[in-house]
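Please find below a colleague's note on the structure, arranged as numbered points. Each point takes up one topic, and the chains are treated in turn.

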Amino acid sequence: MITTHVNPLLAGPVAVLVLAGGAYLTAVTAAIIRPGIGIGTAWRQPLQRVAVLLVQRPTTTERPDGALWWFAPAAYLGTAALALTVIPLGTGVAIADVRTGIVVFGVAEVFAIVALHLQAWGPNSILPLMAGTRYLAVMLSYELVSMFVLIAAALPAESLAIGDIVASQADLWNVIRQPLGLPLFAVVAWGITTWGPLDLARSPDTAGGIVAEASGRNRLVWEWGRHALMFVFAAMSAAVFLGGWHGPFLPGWVWLCLKTLCVLWALLWGADRLPRLSTERAVVITWTLLLPLGFVDLAAAGVEALP
Amino acid sequence: MTGVWVGIAFWIFAVAALWFGWRVFVTDSMVRASYALLASFVNVGAIMVLLLAEYVGVALLFMMTVEMVVMALFMIMFMMNSAGLNPMQMVHQHRWSIAGGMAMAGGFGIALTLPSWPDRPIPTAVGTIRALGLELLGGSMLVFESVGATLLATMLAAVVLSSSRGRYTADAHEGSIPPPLDPDEPDSWAHAEPDEDDDGDAHAGHGGHADHGEHADDEEHADHGEDAEHGEHG
């Protein structure tokens with residue numbers, strides 16, 4: 001149960017702090033995981049990239065859809081903020097504990113997809129458009145998996161509020177009760193953040209895809225949003241599948257941080273080690289393997305929840 | 001105090017919903033039109049949350065977003081001028097559609113504002129939702145749900161039957177027949193083959209055949225077969 005809310009006046013600064021710190025942690029972790037880069041270099045690599053993008057002179061294209069291209073990175077970062085509002089930040093603490101937390105998180109996921117499409121459409125350039133269109137076609141198949149595993153996690157709690165879902169894991173974490181949930185959710189995280197095996201939106205065969213034309217501050221905010229979304233997905237996994245703030249000895253927020261960092265490491269490690277799938281193979285694997293597994297997860301949770 | 005803020009928020013969302021709804025019909029870009037419609041729906045969803053219909057409002061956001069993404073995708077695929085780089089008209093019978101739209105909006109407005117609606121909070125113990133479900137479906141609940149699952153299975157089966165395995169699979173188009181060019185003549189696709197080279201590179205016209213190199217022999221046979229068929233029709 002969420003018993004404490006962040007003061008509404010502080011909610012904005014808290015969200016910006018968490019998103020900035022989370023994005024930085026994600027970038028450093030991703031750099032450490034890459035072979036050949038030690039922590040001595042990894043901690044300053046993201047800062048250098050930020051500095052370069054801040055002073056970089058932005059390039060533009062011929063007749064871009066300026067308004068939508070300008071809006072896309074802001075929307076992508078905004079979806080990370082929207083998702084963060086429903087995720088617990090400590091024992092019983094959240095920015096907004098809405099009764100439909102799971103659905104709000106789903107809305108953030110699909111808003112992120114709209115932002116991706118706008119980023120692909122905005123520059124009026126063929127490679128971003130191709131990559132973005134291909135991404136949308138594949139996305140439709142794994143977005144269903146996301147809803148299946150999240151609803152399955154909501155069933156034992158008999159509530160769509162994320163605080164209630166954490167509270168329902170006091171005795172048994174969902175990762176044990178529903179072992180399929182976390183791996184399937186990881187696939188969705190890779191898809192929405194365009195990371196690893198499902199990174200069909202930024203792949204080299206489209207010369208960088210949706211960000212091929214993005215530069216300067218557009219690119220900076222886009223990468224911030226992408227890294228922040230990855231962190232938010234890790235925090236959501238920790239809350240929904242790994243028992244959230246539950247754990248012995250240490251205070252709840254420490255457990256939340258530890259679990260989030262573990263999931264973050266696993267997500268980035270898997271993204272770095274697994275090959276990028278071709279479009280057809282991604283669609284086939286999603287429809288014939290992941291979607292049935294998601295359905296099994298949901299059906300098993302439903303049978304278990306029967307009185 | 002909360003009531004004042006709710007009132008202010010309502011008017012902001014209401015004006016934004018109308019404004020974005022209007023933008024749908026004045027923009028030339030299909031992507032802008034799709035996402036302007038989405039922005040309009042987002043504001044309607046926010047109003048529903050204000051009305052304490054929290055689940056309906058948030059679920060509306062989710063469903064409309066996915067629908068508008070799919071719509072934008074189809075618009076880009078099928079519209080000749082999807083970016084709106086040339087001016088175009090979004091509606092047919094422009095004046096009539098304006099008049100019809102205003103009449104509809106006015107009619108709904110009158111129907112909603114003129115009657116004196118009852119203001120009786122329903123006690124939660126009554127079980128309104130259960131009663132409504134029984135009233136709507138009665139004993140047919142199981143049949144209704146089964147039909148839903150059957151329709152879903154039918155849709156999935158249609159997708160499976162009509163999908164091809166893509167250009168990386170050798171037998172991607174095995175057994176498939178291209179759609180006819182002339183709807184009245186089911187075989188009309190066969191007449192569209194290039195006539196000039198009878199034994200040469202005839203399969204240049206078939207877009208779908210993958211792996212020309214590996215199955216060169218099979219391709220030759222297939223082409224001769226089609227050429228013979230072609231001769232009969234011609």
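## Notes on the predicted model

1. **A residue in a helix of chain B.** Leu50(B) is located in helix H2 of chain B, and, as everywhere in this note, the description rests on a predicted model. How many other C-beta atoms lie within 10 Å of Leu50(B)? There are 17 of them, so Leu50(B) falls in the partly exposed class, given that a residue is called buried at 20 or more such atoms and exposed at 12 or fewer.

2. **Its partners far along the sequence.** Once residues up to four places away in sequence are set aside, Leu50(B) touches Val6(B), Ala9(B) and Phe10(B). Gly7(B) is separated from Leu50(B) by 43 residues in sequence, while the C-alpha atoms of the two are 9.2 Å apart in space.

3. **The helix that holds Leu50(B).** Helix H2 of chain B covers residues 30-50, and its 21 residues should span 30 Å at 1.5 Å a residue; the end C-alpha atoms are 30 Å apart, which agrees with that expectation. Is H2(B) largely enclosed by the rest of the structure, or largely open? Of its 21 residues, 15 are buried, so H2(B) is largely enclosed. Just after this helix, Leu52(B) adopts a positive phi of about 70°.

4. **Chain B as a whole.** The secondary structure of chain B amounts to eight helices and zero strands, and from the N terminus on its elements therefore read α-α-α-α-α-α-α-α under the DSSP assignment. Buried residues account for 13% of the 234 residues in this chain. Of the contacts in chain B between residues at least 6 apart in sequence, 50% join residues at least 24 apart.

5. **Chain A as a whole.** Chain A has 12 helices and two strands, which follow one another along the sequence in the pattern β-α-α-α-α-β-α-α-α-α-α-α-α-α. Its radius of gyration is 19 Å, close to the 19 Å given by the globule rule for 307 residues, so chain A is as compact as a globular protein of that length. The C-alpha trace spans about 60 × 45 × 40 Å along the principal axes. Buried residues make up 50% of the 307 residues, and residues 24 or more positions apart account for 80% of the contacts in chain A with a separation of 6 or more.

6. **The nonpolar core.** In soluble globular proteins, nonpolar side chains tend to be buried together. Which residues have the most contacts inside the largest nonpolar core? They are Ala83(A), Ile87(A) and Val232(A), in a core of 126 residues, to which H5(A) gives the largest share, 16 residues. Leaving aside neighbours within four places in sequence, Val232(A) is in contact with Gly22(A), Ala80(A), Ala83(A), Leu84(A) and Ile87(A).

7. **A kinked helix in chain A.** Helix H4 of chain A runs over residues 66-85, and its 20 residues should span 28 Å at 1.5 Å a residue; the end C-alpha atoms are 29 Å apart, which agrees. Within H4(A), a kink of about 30° is found at Ala72(A), shortly before the proline Pro73(A).

8. **Positive phi values in loops of chain A.** Most residues other than glycine have a negative phi, and a reviewer may wish to look at two exceptions. Arg63(A), in the loop between helix H3 (45-55) and H4 of chain A, has a positive phi near 50°, and Arg63(A) is exposed, with 10 other C-beta atoms within 10 Å. Ala207(A) belongs to the loop between helix H9 (181-192) and helix H10 (216-240) of chain A. Although Ala207(A) is not a glycine, its phi is positive, at about 55°, and with 15 C-beta neighbours inside 10 Å this residue counts as partly exposed.

9. **The contact between the chains.** How many residues does each chain bring to the contact? Chain A contributes 21 residues and chain B contributes 21 residues. On the side of chain A that touches chain B, helix H5 (101-121) and helix H6 (126-157) each supply at least two residues, and H5(A) provides the largest share, 10 residues. The residues on this side of chain A comprise 11 nonpolar, six polar and four charged. H5(A) thus recurs in this note, having also given the largest share of the nonpolar core.

Definitions and conventions:
Residues numbered from 1 in each chain as written. Chains lettered and ligands numbered in written order. Helix = DSSP H or I, 4+ residues; strand = E, 2+ residues; numbered from the N terminus. Rg over C-alpha atoms; globule rule 2.2 N^0.38 Å. Contact = placed C-beta atoms within 7 Å. Nonpolar A, V, L, I, M, F, W, Y, C, P; charged D, E, K, R; others polar. Core = buried A, V, L, I, M, F, W, Y, C linked by C-beta atoms within 7 Å. Expected span 1.5 Å × (residues − 1). Bend = angle between axes of the 7 residues up to and from the residue.
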